[in-house]
Amino acid sequence: MSEVADFKPGLEGVVAVETEIAEPDREGGALRSRGVDIEELVGHVPYEKVWGLLVDESLEPGMPEPDPYEPPSLTGNAPADAQAEIARLSGVWSLGKVTEISDEQARDDLGRLSAQVMSIVARSARVADGHEDSVSDDVVSGGKTAAERFLLRWRGEADPRHVTAIDTYWICTAEHGLNASTFTARVAASTGADAGAAMSAAIGTLSGPLHGGAPAHVIPMIDEVAAMGDAAGYVDDLLSRGDRIMGFGHRVYRAEDPRARLLARTAEELGSPRVETARALESAALVALQARHPDRVLATNVEYWAAIVLDVADIPAKLTPAMFACARVAGWSAHELEQKRVARLIRPAARYIGPGPRSLSDLR
Ligand code: COA
């Protein structure tokens with residue numbers, strides 16, 4: 001009875017798990033990781049320590065450096081490469097099923113996989129850039145942070161502004177409760193799947209534009225507004241066609257998305273040339289969305305300003321879902337471990353609304 005009465009399309013507002021990992025403060029526009037506001041983390045500790053905070057509830061030792069591993073074949077499509085390679089590593093490393101191994105072993109598996117996602121994405125981006133060689137481990141290990149090593153592995157060099165942009169983006173998007181990819185990771189972990197299978201499943205959810213992919217659509221919007229010189233006109237055209245403005249609206253926040261605020265500040269501090277147009281488009285979008293949906297808060301979300309910050313680091317639009325995967329390995333890992341401890345299969349119900357009983361002969 002309750003399952004039928006409680007049905008919500010998209011499960012909006014349905015509490016599916018309890019978590020101690022991160023707390024998006026819906027009304028207050030804050031995001032806390034294990035109780036610590038992300039405002040306190042950005043610029044003070046690098047991403048790999050935030051991974052430690054989320055996964056181990058301790059900054060130390062943080063995410064490990066990747067094992068030496070040369071993926072056999074990469075296509076240059078980074079999310080697809082990461083999804084395939086992380087699933088393959090389950091076999092290469094003979095990872096145990098999460099229900100059959102200790103919490104410590106599962107945590108170590110997740111640490112190795114997380115570090116490897118970054119390495120695979122960097123290598124895949126290098127392939128996409130047309131390089132056939134890889135950067136030597138000696139050059140990469142000269143980097144002081146995971147973001148710096150990521151850029152070194154990709155480009156062989158790491159501009160400090162680019163490092164700051166990526167580190168800030170990764171920290172802001174490291175974890176955010178139960179979105180599509182994290183739910184997927186938890187569902188897989190709840191079956192006892194190994195950590196690689198669960199992480200690979202989570203990466204698969206990022207191929208659509210509604211989760212992790214919005215930044216790829218933001219820069220083209222900003223370029224069009226810059227060319228037109230009329231942000232309000234652009235927004236009106238887009239909404240009258242029934243399209244969505246990418247980077248606006250959020251399932252959780254009924255106030256400002258704190259990550260958008262932080263990333264907007266970073267974009268300004270790093271001197272992005274797109275800030276002025278981005279501000280104009282943001283203002284026009286907020287006015288138009290408020291006018292069309294007066295009962296709903298449709299504010300700027302993380303992905304709008306993430307696009308501008310990632311653009312500072314010359315991240316091509318098509319790489320943005322993979323950049324999100326690199327960031328979210330912390331959240332996925334923490335949630336897979338939390339689900340392991342819950343030790344309960346996630347198996348919701350479906351309400352059947354199809355045809356009533358009938359005979360095969362009715363279909364002939
Ligand atoms: N642009 C235009 N209209 C939007 C909108 C946007 N970005 N976001 C929501 N709306 C409108 C919808 O069209 C819908 O209108 P309707 O009731 O007239 O059909 C209404 O607001 C509610 O939308 P809904 O899809 O139910 O909201 P949601 O809370 O389920 O969706 C998102 C959340 C993020 C999926 C949604 O806001 C969206 O698609 N945003 C753009 C993609 C994006 O930025 N994704 C990154 C999220 S971090």
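Glu23 is partly exposed, with a relative accessible area of 43%, where buried means under 20%, exposed over 50% and partly exposed in between (1.4 Å probe, protein chains only). The side chain of Glu23 meets that of Arg32 in a salt bridge at 3.2 Å, N to O, a term that asks for a side-chain nitrogen of Lys or Arg within 4 Å of a carboxyl oxygen of Asp or Glu. Together with Asp25, these two residues are linked in a network of salt bridges.

This is a predicted model, in which local features need pLDDT of at least 70 and side-chain atom pairs count only at pLDDT 80 or more, while totals for chains, interfaces and linings use all residues. Residues are numbered from 1 along each chain as its sequence is written, and side-chain values use heavy atoms, with hydrogens and water left out.

**Salt bridges**

Side chains of opposite charge can pair when their charged atoms come close. By the rule above, the count comes to 28 salt bridges, and the table lists three of them.

| Pair | Distance, N to O |
|---|---|
| Glu23 and Arg32 | 3.2 Å |
| Arg149 and Glu48 | 4.0 Å |
| Asp108 and Arg107 | 3.5 Å |

Arg149 lies in helix H7 and Glu48 in helix H3 (residues 47-56), so the pair ties together parts that are 101 residues apart in sequence; helices here are DSSP runs (H or I, at least four residues), numbered from the N terminus. Arg149 is buried at 13% relative accessible area, and Glu48 is buried at 6%. In the pair of Asp108 and Arg107, Asp108 is partly exposed at 40%, whereas Arg107 is buried at 14%.

**Cavities and core**

On a 1 Å grid over the protein atoms alone, a cavity is a set of points where a 1.4 Å probe fits but cannot get out, and its lining residues have an atom within 4 Å of a point. There are 3 cavities of 30 Å³ or more, and the largest holds about 120 Å³ of space. Of the 13 residues that line the largest cavity, the closest to its centre are Pro66, Ala115, Met118, Ala146 and Arg149. Helix H7 gives the most to this lining, with 4 residues.

The largest nonpolar core (buried Ala, Val, Leu, Ile, Met, Phe, Trp, Tyr and Cys residues joined through side-chain atoms within 4.5 Å) has 103 residues, and Phe150 is among those with the most contacts inside it. Leaving aside neighbours within four places in sequence, Phe150 is in contact (heavy atoms within 4.5 Å) with residues including Met118, Trp170 and Met323.

Note on methods: 1 Å grid on protein atoms, 1.4 Å probe; cavity = no way out; pocket = protein on both sides within 12 Å on 5 of 7 lines; lining within 4 Å. Points joined across faces, edges and corners; volume = space filled by probe spheres on them. Helix = DSSP H or I, 4+ residues; strand = E, 2+ residues; numbered from the N terminus.
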